Amino acid sequence: MDHRLKKDKQFSYVYRKGKRAHSEHLTLFSVASKFKTYKIGYAISKKIGKANQRNKLKRRLKEIVRTGNFAKDNFNYVLMAKVGAAELDFASLKAEVKKVFEK
RNA sequence: UCAGUUAAACUUGUGGUCGCGGUUUGCUUGUGAUGAGCAAAGUGAGGAAAGUCCGGGCAUCAAAAGACAGGGUGCCGGCUAACGGCCGGUGGAGGCGACUCUAAGGAAAGUGCAACAGAAAUAAACCGCCCGCAAGGGUAAGGAUGGAAAGGUGAGGUAAGAGCUCACCGGGAAGGUGGAGACAUCUUCCGUCACUGUAAACCCCACCCGAUGCAAGUUUAAGCGAAGGCUAUGUGCUGUCUUUCACGCCUUCCAAAAGAAACGCUUGAGCCUGCUGGCAACAACAGGCCUAGAUAGAUGACCACAGAACACAGAACUCGGCUUAUGUUUAACUGAUCGG
RNA sequence: UGGGGUGUCGCCAAGCGGUAAGGCAUUGGACUCUGACUCCAACAUCCGUAGGUUCGAAUCCUACCACCCCAG
């Protein structure tokens, strides 16, 4: 199943209604939904780095969410990266994602 | 060994365990219709994919031609689909050298500008020098400047001076020879050898350029209506104008949608190998190969071995260049030192 | 992806071949018992960076860097 958020409307809905949880390099927006599974979108701005760095960060976040089982069903998420997130290695990035979801 | 110049090559590979995007095949399932899921096979970023600085293809503007404006290029010859690119030369500049760099047409077609300094900035007004009692005349040596002051140095010459004369150097013109040409070289003549620099100032000359960009554009796509204006004096290549030519054109309102999907989209001036022509860029021929097409936008995570690969960095219609960022290796050559 | 624009003092900015205006801010001084206002003075030589043209470049040319805007 596809767990991605894609439409612009969905993103802006989550930004407006969602609860926020911050960490040093990440921000998570979460909101309850009527769907049975979870959906998650990734927001990585141009401030973070050049195109290849943004791509790599997105791939790593996707891998962490897929393998980690952090996301709960019946929720929509947007995971936003802040400046400096691209410099982290995989293990510490995973720890931060875990912290944000627990909040 | 050190310092340097030039030219190339590569940009990870193999094996595991999870995961992603196209393609093909098979199975399951479903709709009014497009479909959806699972499995297997096979495949999946670069030398710069970047900057977007040039030039093509392609698409639309109904079709075509011309003038002006505007823009670009600028030694010569060649290559190319084309170029502001590349190759080979010429002149000039730099370097001990290997070698590198070079917007390099025209200033006697015209116009503009040249601050400050300096007597004077394109010009012989001033100081000066000489002749002369003076009036006046001769002169361009000298006059702390400046980027630039009407060839330079030396000798002769003179009232003082001066290409006034001579030697050397520089400059110009004509002709010959070599070369495809840029140009090179030789001979002769010129002291009227007076006219500085700047064209990456306007400009002149030669050559080139229609505009807009895949968010172009086409289809699914379907369903039309109402009112008003201009009627060949209207509209049309989109900076202006003209000609041929084409034809209805423009504005407002109502309805529908609110922005969906597919095509464009990857077979192309393509890549590899061989051979022929050419100094080379490149071209011709033969054989072989098919090699990403996404749309919140596909390559990641954990190991093992090899290893320099741990750098710079991610396709978005596509191709040829340029520029910039950056890791490693190789070859040839140059200079210095030491040894033989 | 394509198209367009801007970089000048700490901030806002003028200048577009000949030694870089002005305002705010800052610093020092004067005035005042003190402060504000006012007055006087100081403050750019790396004009985003690097080359080139020119006697001379913020200005002209070329290549880069950074930032901003427009088009679904």
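Confidence first: this is a predicted model, and the mean pLDDT of chain A is 78, with 91% of its residues at 70 or more. Broken down by element, helix α1 (residues 8-17) comes out with the lowest mean pLDDT, 74, while strand β1 (residues 19-22) has the highest, 84. For the complex, the predictor reports an ipTM of 0.78 and a pTM of 0.78. A general caution applies when reading any such model: where pLDDT is low, the predicted coordinates should not be read in detail.

**Overall build**

Chain A has 3 helices and 4 strands. Walk along from the N terminus and the elements go α-β-β-β-α-β-α. The radius of gyration is 13 Å, close to the 13 Å that the globule rule gives for 103 residues, so chain A is as compact as a globular protein of that length. Along the principal axes, the C-alpha atoms fit a box of roughly 35 × 25 × 25 Å.

How much of chain A is buried? Buried residues account for 41% of the 103 in the chain. As for how the chain contacts itself, take the contacts with a separation of 6 or more: 80% of them join residues 24 or more positions apart.

On the outside, chain A has an accessible surface of about 6800 Å², and carbon and sulfur atoms own 50% of that. Charge-wise, there are 27 positive and 9 negative charges in chain A, and the mean positions of the two sets sit 7 Å apart.

**Four residues to look at**

Start with Arg4, in the segment before α1. Its relative accessible area is 26%, so Arg4 falls in the partly exposed class, which runs from 20% to 50%. Once neighbours within four places in sequence are set aside, Arg4 is in contact with Lys39, Ile40, Tyr42 and Lys62.

Now for Ser30, which is part of strand β2 (residues 26-32). Is Ser30 buried or exposed? With a relative accessible area of 18%, Ser30 is under the 20% cut-off and therefore counts as buried. Which residues does Ser30 touch, not counting those up to four places away in sequence? The list is Gly18, Lys19, Phe75, Asn76 and Tyr77.

The other two residues are in loops. Ser45 belongs to the loop between β3 (39-43) and α2 (51-68), and Ser45 is partly exposed at a relative accessible area of 35%. Gly84 is in the loop between β4 (75-81) and α3 (90-102). Despite that loop setting, Gly84 is buried, at a relative accessible area of 17%.

**Sequence versus space**

Three of these residues also come with a partner from elsewhere in the chain. Here are the separations along the sequence, and in space from C-alpha to C-alpha:

| Pair | Apart in sequence | Apart in space (C-alpha to C-alpha) |
|---|---|---|
| Arg4 and Leu57 | 53 residues | 16 Å |
| Gly84 and Leu28 | 56 residues | 16 Å |
| Ser45 and Met80 | 35 residues | 8.4 Å |

To pull the Ser45 picture together, the residue is partly exposed, and its C-alpha is 8.4 Å from that of Met80, with 35 residues of sequence separation. Gly84, by contrast, is buried, and its C-alpha is 16 Å from that of Leu28.

Definitions and conventions
Residues numbered from 1 in each chain as written. Chains lettered and ligands numbered in written order. Predicted model: local features only at pLDDT ≥ 70, side-chain atom pairs only at ≥ 80, totals over all residues. Heavy atoms only, no water. pLDDT = per-residue confidence, 0-100. Rg over C-alpha atoms; globule rule 2.2 N^0.38 Å. Buried < 20%, exposed > 50% of the residue type's maximum accessible area, 1.4 Å probe, protein only. Contact = heavy atoms within 4.5 Å. Areas by Shrake-Rupley, 256 points an atom, 1.4 Å probe, with all protein chains shown as cover. Lys, Arg positive; Asp, Glu negative; His and termini not counted. Charge placed at Lys NZ, Arg CZ, Asp CG, Glu CD.
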